[in-house]
Amino acid sequence: MKRFFTRYWRILSRPSVHFSLGFLTLGGFIAGIIFWGGFNTAMEATNTEQFCISCHEMERNPMQELKTTIHYTNRSGVRATCSDCHVPHGWTHKVARKMEASKEVWGWVFGSIRTEEQFEAKRRELAEREWVRLQANDSLECRNCHEFDSMDFTQQSTRAARAHSTNLASGDATCIDCHKGIAHELPDMSPKIEAAVGVPDIVSWAAHLELESGAYAEQ
């Protein structure tokens, strides 16, 4: 028995070249699975509504407003969560959006919008940032759930059918151009507030990622 353990201890403590390569390959494979699984688990955890409203300012303000809209309660029972409207489904755009949104953690840590007054003071800036981002990526998040090819214009109001069949179909406008404030209250849109928040300078690099061919098909 002692000889048996001694032999295998020598193999493990002084492995040959072949054993070393084998152990390294196997170890790397297992480490890759653990890393990839952990990364995807963390990514999906940050996409849940529970995670988003774990910040008090999100639960007290945007979430309460969402509950009064058709995106939260409707006759069909289809409900949009935070990530449906704020995170693209495609892998590249999702990771880029997560990287860009990481600065919101900074704001939470240092308490820049923890109170209702602080949130209201930044409402226009936050809304404009999302509108600009959605305009740049052709409302990619709206298309997480809404398919233009599946729209039945006969079931829409005359005004909506006309807008969808002309401006949206031609690409002259995208969803957010006509649907600002559909999930949250509109901010003060006066020019005075626009000048105060510096809206024209807001740029989202993630929203300008090139849309890969067939991007909507993977959603």
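## Burial and overall make-up

Buried residues account for 28% of the 219 residues in the protein chain. The model is predicted. The protein chain holds 11 helices and zero strands. Its pattern along the sequence is α-α-α-α-α-α-α-α-α-α-α.

The accessible surface of the protein chain is about 14,900 Å². Carbon and sulfur atoms supply 61% of that surface. Contacts in the protein chain reach across the sequence. Of those with a separation of 6 or more, 72% join residues 24 or more positions apart.

## Helix 7

Helix 7 covers residues 91-109. Its 19 residues, at 1.5 Å a residue, should span 27 Å. The end C-alpha atoms are 27 Å apart, so the span agrees with the expected value. Helix 7 also carries a kink of about 25°, centred on Glu100.

Glu100 is one of the buried residues of helix 7. The others are His93, Lys94, Val95, Ala96, Arg97, Ala101 and Gly107. The list includes residues with charged side-chain names, such as Lys94 and Arg97. Just after helix 7 comes Gly111, with a positive phi of about 65°.

## Aromatic pairs

How many aromatic pairs does the count give? The count comes to five. In one of them, the ring centres of Trp36 and Phe39 are 6.1 Å apart and the planes meet at 25°. Planes under 30 degrees apart count as stacked, so this pair is stacked. Both residues belong to helix 2 (residues 17-45). Trp36 and Phe39 sit three residues apart, about one turn of the helix. Trp36 is partly exposed, at 47% relative accessible area. Phe39 is partly exposed too, at 31%.

Phe39 also pairs with Trp91. Here the centres are 6.1 Å apart and the planes are at 70°, an edge-to-face arrangement. This pair links distant parts of the chain, with Phe39 in helix 2 and Trp91 in helix 7. The two residues are 52 residues apart. Trp91 has a relative accessibility of 36%, so Trp91 counts as partly exposed. Ring pairs join Phe35, Trp36, Phe39 and Trp91 into a cluster.

## Helix 9

Helix 9 runs over residues 158-170 and has 13 residues. From its first C-alpha to its last, helix 9 reaches 18 Å. That is close to the 18 Å expected at 1.5 Å a residue. Where is the kink in helix 9 centred? The centre is His164, and the kink is about 30°.

His164 is buried in helix 9, along with Ala161 and Leu168. The buried residues of helix 9 pack against helix 10 (175-178). Just after helix 9, Gly171 takes a positive phi of about 85°.

## Cysteines

The disulfide count for this model is zero. Cys145 is in no disulfide. The nearest cysteine sulfur to Cys145 belongs to Cys85, 7.0 Å away. Cys145 has a relative accessible area of 49%, so Cys145 is partly exposed.

Why is there no bond between Cys175 and Cys142? Their sulfurs are 4.4 Å apart, which is too far for a bond. A disulfide needs the two sulfur atoms within 2.5 Å. Cys142 holds the closest cysteine sulfur to that of Cys175. Cys175 is buried, with a relative accessible area of 15%.

## Ser190

Is Ser190 buried, exposed or partly exposed? Its relative accessible area is 22%, so Ser190 is partly exposed. Ser190 lies in the loop between helix 10 and helix 11 (191-197).

Ser190 can also be placed against Arg124. The two are 66 residues apart in sequence. In space, their C-alpha atoms are 9.8 Å apart.

Conventions:
Residues are numbered from 1 along each chain as its sequence is written. This is a predicted model: local features need pLDDT of at least 70, side-chain atom pairs count only at pLDDT 80 or more; totals for chains, interfaces and linings use all residues. Side-chain values use heavy atoms; hydrogens and water are left out. Helices (H or I, at least four residues) and strands (E, at least two) are DSSP runs, numbered from the N terminus. The expected span of a helix is 1.5 Å times one less than its number of residues. The bend at a residue is the angle between axes fitted to the seven residues ending there and the seven starting there. Buried means under 20% relative accessible area, exposed over 50%, partly exposed in between (1.4 Å probe, protein chains only). Rings of Phe, Tyr and Trp (its six-membered ring) pair if their centres lie within 6.5 Å; planes under 30 degrees apart count as stacked, over 60 as edge-to-face and the rest as tilted. Contact means heavy atoms within 4.5 Å. Accessible areas come from the Shrake-Rupley method with a 1.4 Å probe; for residues, only the protein chains shown count as cover.
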